[in-house]
Amino acid sequence: MLAGYRRFHNGSVGFVPTMGALHHGHLSLLTSSIRKNDQTYCSIFVNPSQFDNQQDLERYPNTIESDLNALIDLGVDVVYLPPVEEVYPHGDHQNVYDLSGLDVAIEGASRPGHFQGVANVLDRFFRLVQPTRAYFGQKDYQQTLVVKRLVEILKLPTSIEVCPIVREENGLAMSSRNAHLSKEEKQEASIIRKTLLWIEREFKRNPHHLQKIIDDAKKQINDHPFFQVDYLLAADAQTLVEFEQGPFPDQLVLLTVVACGPVRLLDNHLIHTDRK
Ligand code: AMP
């Protein structure tokens with residue numbers, strides 16, 4: 001039905017794929033799309049193939065009624081809410097894409113199969129929606145590189161638009177999973193953003209000590225009783241090759257996941273190095 005609807009529309013289409021439990025981060029992507037395109041499509045689909053952990057999938061928040069109200073208020077043209085069987089008519093069968101190793105690095109190493117699952121669902125959605133532009137948050141930095149690579153290997157005409165991270169007042173990156181945090185945990189989680197900014201300041205002062213700075217930063221977070229660093233590292237912002245010392249590429253990205261009990265908090269920060 002969606003494909004049929006799309007065929008009758010010749011203007012530009014912006015597409016925002018989500019897993020629901022919408023917050024201001026999602027809404028900022030939708031607003032960017034509405035501004036730039038004749039029509040905006042939003043999908044809400046909790047994609048089972050990108051969850052490496054069954055419990056995480058089962059406890060993923062669902063706020064569908066308020067999501068739909070928010071989408072209507074914003075003026076989104078099409079909301080796509082497919083059942084799992086429609087997206088995966090052949091059951092568990094998954095394509096395997098050559099994502100240049102971007103799928104197995106860093107977050108991919110912590111969550112095996114995650115990015116191949118993302119690629120599978122986006123391949124299906126992109127073919128159906130045929131978006132002029134598709135919108136993704138910098139919040140999931142590695143995902144933005146994976147999606148750009150996917151569009152390149154599939155030779156799709158869709159332009160990938162990356163939107164800035166929307167944060168709580170205290171600097172915590174907004175995420176549907178933050179619903180699982182207590183008020184106190186949410187407040188204290190400001191340590192993640194603060195630590196990333198601290199690394200940048202120290203790095204600019206003393207670029208040759210990057211590894212020591214990162215080690216100190218990990219310790220600062222691990223010393224907090226609520227938090228445990230899963231990973232915290234600096235990588236080439238294009239290739240995700242990890243860097244511990246110079247010479248550095250033009251742009252580094254600090255990537256981190258900090259666990260707060262069972263909740264994984266993702267964040268990142270881009271640094272221009274002036275090639276030190
Ligand atoms: P999700 O529903 O978590 O799959 O996210 C759907 C899209 O929203 C992805 O492109 C995310 O990167 C983006 N997104 C999630 N949180 C934020 C945020 N805090 N700021 C900007 N974009 C976000």
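Helices H10 and H11 are roughly antiparallel to each other, because their angle of about 160° is over the 145 degrees that this label asks for (under 35 counts as roughly parallel, 65 to 115 as roughly perpendicular and the rest as oblique). This is a predicted model, so local features need pLDDT of at least 70 and side-chain atom pairs count only at pLDDT 80 or more, while totals for chains, interfaces and linings use all residues. Residues are numbered from 1 along each chain as its sequence is written, and side-chain values use heavy atoms, with hydrogens and water left out.

**Helix pair H10 and H11**

- H10 covers residues 190-205 and H11 covers residues 210-222, and their axes sit 10 Å apart. Helices here are DSSP runs (H or I, at least four residues), strands are runs of E with at least two, and both are numbered from the N terminus.
- Axes are lines fitted to C-alpha atoms, for helices over the stretch in contact, and angles run from 0 to 180 degrees between N-to-C directions.
- H10 passes H11 in a right-handed crossing, meaning the near helix is turned clockwise from the far one by less than a right angle (anticlockwise would be left-handed).
- On the H10 side, Ile 191, Thr 195, Trp 198, Ile 199, Glu 202 and Phe 203 do the meeting; on the H11 side it's Leu 210, Ile 213, Ile 214, Asp 216, Ala 217, Gln 220 and Ile 221. Contact means heavy atoms within 4.5 Å.
- Sorted by class, the contact of H10 with H11 has 9 nonpolar, 2 polar and 2 charged residues. Ala, Val, Leu, Ile, Met, Phe, Trp, Tyr, Cys and Pro count as nonpolar, Asp, Glu, Lys and Arg as charged, and the others, Gly among them, as polar.

**Helix pair H7 and H8**

- The axes of H7 (residues 114-129) and H8 (residues 141-153) come within 10 Å and cross at roughly 50°, so these two helices are oblique to each other.
- H7 passes H8 in a right-handed crossing.
- H7 brings Phe 115, Val 118, Ala 119, Leu 122, Asp 123 and Phe 126 to the contact, and H8 brings Gln 142, Gln 143, Val 146, Val 147, Leu 150 and Val 151.
- That contact of H7 with H8 splits into 9 nonpolar, 2 polar and 1 charged.

**Helix pair H2 and H4**

- H2 (residues 24-36) and H4 (residues 64-74) pack at about 30°, with axes 11 Å apart, and are therefore roughly parallel to each other.
- H2 passes H4 in a right-handed crossing.
- Leu 27, Leu 30, Thr 31 and Ile 34 of H2 touch down on Ala 70, Leu 71 and Leu 74 of H4.
- By class, the contact of H2 with H4 has 6 nonpolar, 1 polar and no charged residues.

**Buried residues with polar or charged side chains**

- Glu 107, in helix H6 (residues 107-110), counts as buried because its relative accessibility is 4% (buried means under 20% relative accessible area, exposed over 50%, partly exposed in between, with a 1.4 Å probe and protein chains only).
- The side chain of Glu 107 makes a polar contact with the side chain of Arg 264 at 2.8 Å. A polar contact is a pair of N or O atoms within 3.5 Å; within protein, one must be able to donate a hydrogen and the other to accept it, and residues adjacent in sequence count only if both atoms are side-chain atoms.
- Leaving aside neighbours within four places in sequence, Glu 107 also has Phe 115, Gln 142 and Tyr 231 among its contacts.
- Gln 116 is found in helix H7 and is buried at 15% relative accessibility. Not counting residues up to four places away in sequence, Gln 116 touches Gln 94, Asn 95, Val 96, Tyr 97, Leu 99 and Asp 103.
- Gln 50 lies in the loop between strand S2 (39-44) and helix H3 (54-58), and is buried at 10%.

**Loop details**

- The loop between strand S6 (228-236) and strand S7 (251-260) holds Pro 247, and a cis peptide bond joins Gly 246 and Pro 247, with omega about 0°.
- Phe 248 lies in the loop between S6 and S7 and is buried, with a relative accessible area of 3%. Phe 248 and Pro 207 are 41 residues apart in sequence and 9.1 Å apart in space, C-alpha to C-alpha.
- Leu 240 also has its place between S6 and S7; it's not a glycine, yet has a positive phi of about 65°.
- Gln 130, in the loop between H7 and strand S4 (133-137), has a positive phi of about 45° although it is not a glycine.
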